[in-house]
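Please examine the sequence and the structure shown below before reading on.

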Amino acid sequence: MTPEIRRARTAFWWVGVIIPLALLVLAGLVVLAWLPEVPDPAAIHWGPTVQTASARDGLRWRS
């Protein structure tokens, strides 16, 4: 194996595998750390419509 190929494979593993996996693990740790601070009825949508605070009591969506 030539030094250029060895260098290319090493670069591939770092840039294509190791760094993305490390970022994924870091993002997961951030989510787990913030999880206790998320409000109980967490927002699951974003958009032009707004749900009223008492929508769970049967009120409808409003624009």
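The following questions and answers concern this predicted model.

Q: How many helices and how many strands are there in the protein?
A: The elements of the protein are runs assigned by DSSP. No strands are found among the 63 residues. The count for the protein is 0 strands and 1 helix.

Q: How far apart are the end C-alpha atoms of helix H1?
A: Helix H1 covers residues 3-34, which makes 32 residues. At 1.5 Å a residue, the helix should span 46 Å. The distance in the model agrees with this expected span: 45 Å.

Q: At which residue does H1 bend, and by about how many degrees?
A: The bend is the angle between two axes, one fitted to the seven residues ending at a residue and one to the seven starting there. For H1, this angle is about 35°, and the residue is tryptophan 14.

Q: Is leucine 23 buried or exposed?
A: Leucine 23 lies in helix H1. Its relative accessibility is 53%. A residue counts as exposed over 50%, so leucine 23 is exposed.

Q: What kind of aromatic pair do phenylalanine 12 and tryptophan 13 form?
A: A search of the whole structure finds 1 aromatic pair. The centres of phenylalanine 12 and tryptophan 13 are 5.8 Å apart, with 70° between the planes. Planes over 60 degrees apart give the class of this pair, which is edge-to-face.

Q: What is the area of the nonpolar surface patch that includes Trp13 and Leu23?
A: Residues of a patch must have over 30% relative accessible area. Tryptophan 13, at 48%, is partly exposed, and leucine 23 has 53%. Other members include Phe12, Trp14 and Trp34. The patch has an area of about 1100 Å².

Methods:
Residues numbered from 1 in each chain as written. Predicted model: local features only at pLDDT ≥ 70, side-chain atom pairs only at ≥ 80, totals over all residues. Heavy atoms only, no water. Helix = DSSP H or I, 4+ residues; strand = E, 2+ residues; numbered from the N terminus. Buried < 20%, exposed > 50% of the residue type's maximum accessible area, 1.4 Å probe, protein only. Phe/Tyr/Trp six-rings, centres within 6.5 Å; stacked < 30°, edge-to-face > 60°. Expected span 1.5 Å × (residues − 1). Patch = residues over 30% accessible without salt bridge, like charges linked within 9 Å, V, L, I, M, F, W, Y side chains within 5 Å. Areas by Shrake-Rupley, 256 points an atom, 1.4 Å probe, with all protein chains shown as cover. Salt bridge = Lys/Arg side-chain N within 4 Å of Asp/Glu carboxyl O.
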